[in-house]
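Welcome, and thank you for taking a look at this one. Let us walk through the model together, from the chain as a whole to its pocket, core, cavity and salt bridges.

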Amino acid sequence: MPTERALPENHDLALLGLMQLVSPALPIGAFAFSQGLESAFELGWVSDEKSLSEWLSGVLEDGLTRCELPLIARLYTAFEQQDSDAIAQWDEWLAATRETAELAAEDSRLGASLKRLLGSLDLLPRQDEQSEDCLPPLLPTQAGYVTLFSYAAHMRGVPPRQALLGFGWAWLENQLAVACKALPLGHTAAQRVIEQLRGELVDAVDQALLLDDDDLGPILPGVALASALHETQYSRLFRS
């Protein structure tokens, strides 16, 4: 299946493809997950604009920078090289970093939803297009969200660095949407948080692209604890 990246004149299409992929309107259900942030509100760890900015900055530095962002770069390369073993390895590695049932369920459910969507957009080969002499499937059967995102970015011809920036931006917007629903936080305050973190997001991508394999792994005990407590939280808006 050819990718849009193969054609130089499709740079604009690649940009639009990235915008589509990170849009809050993408029908995969990302709006239903808070990644432990709702529990952080309930526990009083995050209560206003300042503490929210500090929380998100910490998750970005010790989480995305060391986990999802460098994984996207590695998975993108593996898709370019059609290295199904590397894809499966990194997909399994990422699943092993999910420290709670809710975080694991979020990754698998979003991955399944994105896979169905990509199939409906003809970005996945149909069963009737496969033959006995074709290459083995590159995507693991139960691939997680990050793996499917990397695959979609590759198929859309999005350059790797822009794919990392787009993923980070989508995460930030989703977390701020959670805060606007569950905290007394206005949309103007949310935009101020974006202004504070935009530069950090760029720095996170720079750092993620430099990390060696042995440096990978999130360091987010607070998020893990919040996520675990969220499983039994009495009143909640979000699934995770």
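A residue counts as exposed when its relative accessible area is over 50%, as buried when that area is under 20%, and as partly exposed in between. By that cut-off Glu 195 is exposed, because its relative accessibility is 51%. Please keep in mind that this is a predicted model.

## The chain as a whole

The chain contains 10 helices and zero strands, so the pattern read along the sequence is α-α-α-α-α-α-α-α-α-α. Of the 240 residues in the chain, 49% are buried. Among contacts with a separation of 6 or more, 84% are between residues 24 or more positions apart.

## The largest pocket

How much space lies in the largest pocket? The value is about 870 Å³. Its lining is made up of 45 residues, and those nearest the centre of the pocket are Gln 35, Glu 106, Ala 170, Trp 171 and Asn 174. Seen by element, two or more lining residues come from each of H1 (11–22), H3 (49–62), H6 (101–120), H7 (145–156), H8 (160–182), H9 (187–208) and H10 (221–230). Helix H8 gives the largest share of this lining, with 11 residues. Sorted by class, the pocket lining holds 29 nonpolar, nine polar and seven charged residues.

## The nonpolar core and Leu 114

In soluble globular proteins, nonpolar side chains tend to be buried together. Here the largest nonpolar core has 71 residues, and Leu 56 and Leu 114 are the ones with the most contacts inside it.

Leu 114 is a good place to pause. This residue lies in helix H6 and is buried, with a relative accessible area of 0%. Which residues does Leu 114 touch, once those up to four places away in sequence are set aside? They are Leu 21, Leu 26, Ile 28, Tyr 145, Leu 148 and Phe 149. To give a sense of the spacing, the C-alpha atoms of Leu 114 and Val 146 are separated by 10.0 Å, and these two residues are 32 residues apart along the chain.

## The cavity

A search of the whole structure for cavities of 30 Å³ or more turns up one. The largest cavity has a volume of about 70 Å³. Leu 114 appears again here, in a lining that also includes Gly 17, Gln 20, Leu 21, Leu 26 and Arg 156. Two of these, Leu 21 and Leu 26, are also contacts of Leu 114. At least two residues of the cavity lining come from each of H1, H6 and H7. By class, the lining of the largest cavity divides into eight nonpolar residues, two polar and one charged.

## Salt bridges

How many salt bridges does the structure hold? There are seven. Three of them are set out below, each with the distance between the closest N and O atoms.

| Salt bridge | Closest N and O atoms |
|---|---|
| Glu 49 and Arg 192 | 2.8 Å |
| Arg 74 and Asp 213 | 2.7 Å |
| Arg 198 and Glu 195 | 3.4 Å |

Glu 49 and Arg 192 link distant parts of the chain: Glu 49 is in helix H3, Arg 192 is in helix H9, and they are 143 residues apart. Arg 192 counts as partly exposed because its relative accessibility is 42%.

Arg 74 and Asp 213 also link distant parts of the chain, 139 residues apart, with Arg 74 in helix H4 (residues 68–80) and Asp 213 in the loop between H9 and H10. Is each partner buried or partly exposed? Arg 74 is buried, at a relative accessible area of 17%, whereas Asp 213 is partly exposed, at 45%.

Arg 198 and Glu 195 sit within one element: both are in helix H9, three residues apart, which is about one turn of the helix. Arg 198 is partly exposed, with a relative accessibility of 44%, and Glu 195, as noted at the start, is exposed at 51%. Elsewhere, salt bridges that share partners join Glu 68, Arg 98 and Asp 107 into one network.

Note on methods:
Residues numbered from 1 in each chain as written. Predicted model: local features only at pLDDT ≥ 70, side-chain atom pairs only at ≥ 80, totals over all residues. Heavy atoms only, no water. 1 Å grid on protein atoms, 1.4 Å probe; cavity = no way out; pocket = protein on both sides within 12 Å on 5 of 7 lines; lining within 4 Å. Points joined across faces, edges and corners; volume = space filled by probe spheres on them. Helix = DSSP H or I, 4+ residues; strand = E, 2+ residues; numbered from the N terminus. Nonpolar A, V, L, I, M, F, W, Y, C, P; charged D, E, K, R; others polar. Core = buried A, V, L, I, M, F, W, Y, C linked by side-chain atoms within 4.5 Å. Buried < 20%, exposed > 50% of the residue type's maximum accessible area, 1.4 Å probe, protein only. Contact = heavy atoms within 4.5 Å. Salt bridge = Lys/Arg side-chain N within 4 Å of Asp/Glu carboxyl O.
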